[in-house]
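Here's an informal walk through the strands, the core and the disulfides. Keep the 3D view open while you read.

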Amino acid sequence: LKISDEVRGACGGNTACMFDAAATNNTALGLNSMRTSQMLDEERSLATNIPPAISGESRLNASLGRLVVYSIVAEDADAFNVTFVPVNGTRLPKDYNFTETMNGFNSSTYTLSWMPVAGDVDLSFQFVATDSKNAVTIHHPLVTYCPCAHGQPCVTPGADEDGGALQFIRQRCSCGIAYSGESCDTDRNACISGAGCYAGVTCTDNPAPASGSTCGPCPSGLTGDGEMC
């Protein structure tokens with residue numbers, strides 16, 4: 001078949017388009033063949049496409065006031081992008097950075113740097129990798145968060161605590177004698193919670209991290225340490 005320069009230009013070098021246009025003397029039919037061929041090629045490409053791969057620790061441990069650094073590696077044969085997003089109406093941490101370091105053409109390391117603060121509650125987040133063909137891979141680590149202030153310890157989660165659908169465990173605090181409150185963020189007033197001082201003697205709480213209280217002098221006519229007169 002003789003293919004004119006006009007047909008070659010219209011078809012952009014597409015073989016199916018040029019053949020059908022020349023055979024039928026109908027450029028529109030050739031262009032339609034080209035579009036059909038391109039659609040089939042795209043469908044085959046999508047059918048054989050492999051989503052991005054993400055590797056990283058399945059668990060992220062965080063404690064109030066202690067810097068968390070957590071990394072994942074994402075890879076794909078095509079161009080891809082990774083986002084850091086909250087899950088199901090929750091929110092991201094208040095103070096964090098999310099950065100990418102290229103390892104090569106098809107591999108990148110993504111690093112989350114997070115300084116947990118008192119307002120970080122009910123956190124749940126995931127890393128979503130999307131390639132150029134819109135194939136998606138999600139990495140959703142289990143976050144175990146210790147909210148205890150002043151370095152107070154957390155209670156180890158029980159075997160039945162798995163984080164649920166949100167993959168988030170907020171640990172309970174075990175406050176020392178100097179602190180109180182759900183997050184051990186309150187100075188325990190020993191004058192109220194402790195034995196206190198003798199009746200009529202001034203009681204002064206020892207500020208945390210010290211514990212206990214200090215009693216004033218005994219009333220006139222009595223002797224002792226203020227706790228016992």
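Strand 2 and strand 9 run parallel to each other and pair over five bridges. This is a predicted model, so read everything here as computed from it. Within that pairing, L60 has V143 of strand 9 as its bridge partner. On to strand 10 (residues 168-170), which also pairs with strand 9 in the parallel sense, here over three bridges. V143 turns up again, with F168 as its bridge partner in strand 10.

Is strand 9 mostly covered or mostly open? Mostly covered: five of its five residues are buried. L142, T144 and C146 point one way from the strand, V143 and Y145 point the other way, and all are buried. For C146, the relative accessible area is 8%, and anything under 20% counts as buried, so this cysteine qualifies.

**The open sheet**

Now for a separate piece of strand pairing. Four strands make up an open sheet, in the order 1-3-6-5, with antiparallel pairing. At the edges sit strand 1 (53-56) and strand 5 (96-104), each of which pairs on one side only. From one strand to the next, the twist averages 20°. As a general reminder, strands of a sheet pair through backbone hydrogen bonds, in either a parallel or an antiparallel way.

Strand 3 (residues 68-75) and strand 6 (residues 107-114) are antiparallel partners over eight bridges. If you want a spot to click on, V69 stands opposite S113 in strand 6.

**The core**

Which residues have the most contacts inside the largest nonpolar core? They are L60, I72, V82, L112, W114, F125 and F127, and the core has 21 residues. Strand 2 (59-63), strand 3, strand 4 (80-86), strand 6, strand 7 (125-131) and strand 9 (142-146) each give two or more residues to this core. Strand 3 supplies the largest share, with four residues.

L112 is a handy place to look around from. Setting aside neighbours within four places in sequence, L112 is in contact with L60, V68, V69, Y70, F84, Y96, N97, F98, F125 and F127. L60, the bridge partner of V143 in strand 9, is among those contacts of L112.

**The disulfides**

How many disulfides does the structure hold? There are seven, and the table shows some of them.

| Disulfide | S to S distance | Torsion about the S-S bond |
|---|---|---|
| C11 and C17 | 2.0 Å | about -65° |
| C146 and C154 | 2.1 Å | about 95° |
| C218 and C229 | 2.0 Å | about -85° |

The torsion gives you the handedness. For C11 and C17 it is about -65°, so that disulfide is left-handed. The bond between C218 and C229 is left-handed too, because its torsion is about -85°. Both of these cysteines lie in the segment after strand 14 (213-215), so the pair ties together parts that are eleven residues apart in sequence. With C146 and C154 the torsion is about 95°, so the disulfide is right-handed.

What about burial? C11 and C17 are both buried. In the C218 and C229 pair, C218 is buried, with a relative accessible area of 14%, whereas C229 is partly exposed at 27%. C146, at 8%, is buried, and this cysteine links strand 9 to the disulfide story: it points the way L142 and T144 do and bonds to C154.

Notes:
Residues are numbered from 1 along each chain as its sequence is written. This is a predicted model: local features need pLDDT of at least 70, side-chain atom pairs count only at pLDDT 80 or more; totals for chains, interfaces and linings use all residues. Side-chain values use heavy atoms; hydrogens and water are left out. Two strands pair if DSSP finds at least two bridges between them. Axes are lines fitted to C-alpha atoms, for helices over the stretch in contact, and angles run from 0 to 180 degrees between N-to-C directions. A nonpolar core is a set of buried Ala, Val, Leu, Ile, Met, Phe, Trp, Tyr and Cys residues joined through side-chain atoms within 4.5 Å. Buried means under 20% relative accessible area, exposed over 50%, partly exposed in between (1.4 Å probe, protein chains only). Contact means heavy atoms within 4.5 Å. A disulfide is a pair of cysteine sulfur atoms within 2.5 Å.
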